[in-house]
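Colleague: I have just opened this model and would like to go through its side chains with you. Let us take it one question at a time.

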Amino acid sequence: MNKIVIISDTHGMHKGLDNKFDLPPADFVIHCGDITGSGKEHVVKEFLDWYSKLDQYKYKIFIAGNHDRLFEDDRMIAKELLSKYPNVIYLEDSGVELKGIKFWGIPVSRPFCN
C-alpha cells in the first residue's frame with residue numbers, strides 16, 4: 001500500500017515542519033501550493049532546497065498556489081529554479097503516474113474576497 005503525505009499553505013515557514021511536526025514516513029509527499037506569502041524568488045529557492053532534501057520520501061510533488069506568484073509572473077525564472085531540483089516533480093496543468101497512481105496538478109485558485 002502506498003502512503004501519501006499532503007501539505008499546503010506553508011507560506012515560507014516550511015522549515016518549521018522540521019521542528020514542530022514530525023512529517024510521517026510515506027512514499028509520496030505533495031505540497032499543494034502557497035509555499036510563499038508573495039512569490040519572492042528567494043523564498044521559492046529556500047523551499048525547493050528544503051523540499052528536495054526530504055529524503056524520507058521517494059517522490060516529491062509540488063503544485064504552485066495563488067500566493068506563489070513567481071510561477072505566474074515570471075515563469076522563466078520559476079522553471080529555471082525548478083530545473084535545479086530534478087527530484088522535485090512540478091505539476092502545472094500536467095500529470096504523472098508513479099507506482100500505479102495518477103497525479104494531476106493545476107495551479108489555479110477560484111476567486112474569493114470579491
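Colleague: Which residue forms a salt bridge with D27?

Modeller: This is a predicted model, where local features need pLDDT of at least 70, side-chain atom pairs count only at pLDDT 80 or more, and totals for chains, interfaces and linings use all residues. Residues are numbered from 1 along each chain as its sequence is written, and side-chain values use heavy atoms, with hydrogens and water left out. A salt bridge here is a side-chain nitrogen of Lys or Arg within 4 Å of a carboxyl oxygen of Asp or Glu. With its closest N and O atoms 3.4 Å apart, the salt-bridge partner of D27 is K99.

Colleague: How many residues apart in sequence are the parts that D27 and K99 tie together?

Modeller: Helices (H or I, at least four residues) and strands (E, at least two) are DSSP runs, numbered from the N terminus. D27 sits in the loop between α1 (16-20) and β2 (28-31), while K99 sits in the loop between β5 (94-98) and β6. The pair therefore ties together parts whose separation in sequence is 72 residues.

Colleague: Is K99 buried or exposed, or something in between?

Modeller: Buried means under 20% relative accessible area and exposed over 50%, with partly exposed in between (1.4 Å probe, protein chains only). K99 has a relative accessibility of 44%, so it counts as partly exposed.

Colleague: What about helix α2: which residue meets D49 in a salt bridge?

Modeller: D49 is partly exposed at 24% relative accessibility, and its partner is partly exposed at 39%. The two are 4 residues apart in helix α2, which means about one helical turn lies between them. The N-to-O distance is 3.0 Å, and the partner of D49 is K45.

Colleague: What is the N-to-O distance between R75 and E92?

Modeller: This pair links distant parts of the chain, with R75 in helix α4 and E92 in the loop between β4 and β5, 17 residues apart. R75 is partly exposed at 43%, whereas E92 is buried at 17%. Their side chains meet in a salt bridge with an N-to-O distance of 2.1 Å.

Colleague: Which residue is linked with R75 and E92 in a network of salt bridges?

Modeller: The residue you want lies in helix α4 (residues 75-83) and is partly exposed at 39%. Beyond four places in sequence, it touches Y90 and E92, where touching means heavy atoms within 4.5 Å. The residue joined with R75 and E92 in this network is K79.

Colleague: Now for the inside. Which element gives the most residues to the largest nonpolar core?

Modeller: A nonpolar core is a set of buried Ala, Val, Leu, Ile, Met, Phe, Trp, Tyr and Cys residues joined through side-chain atoms within 4.5 Å. The largest one has 24 residues, and those with the most contacts inside it are L23, L48, W50, Y51, F62 and F71. At least two residues each come from β1 (4-7), α2 (41-52), α3 (70-73), α4 and β4 (88-90). With 5 residues, the element giving the most is α2.

Colleague: How are the rings of F47 and F62 arranged?

Modeller: Rings of Phe, Tyr and Trp (its six-membered ring) pair if their centres lie within 6.5 Å; planes under 30 degrees apart count as stacked, over 60 as edge-to-face and the rest as tilted. The whole structure has 9 aromatic pairs. F47 and F62 have ring centres 5.5 Å apart and planes at 50°, so the pair is tilted.

Colleague: And what do F62 and F71 form?

Modeller: F62 is buried at 0%, and F71 is buried at 7%. The centres of their rings are 5.4 Å apart and the planes are at 65°, so the pair is edge-to-face.

Colleague: Last one, out on the surface: which residues form a nonpolar patch with W104?

Modeller: Patches are made of residues with over 30% relative accessible area and no salt bridge: like charges are joined within 9 Å, nonpolar side chains (Val, Leu, Ile, Met, Phe, Trp, Tyr) within 5 Å. Areas come from the Shrake-Rupley method with a 1.4 Å probe, and for residues only the protein chains shown count as cover. One member lies in the segment after β6 (101-105) and is partly exposed at 46%. The patch has about 360 Å² of accessible area together, and W104 shares it with I106 and V108.
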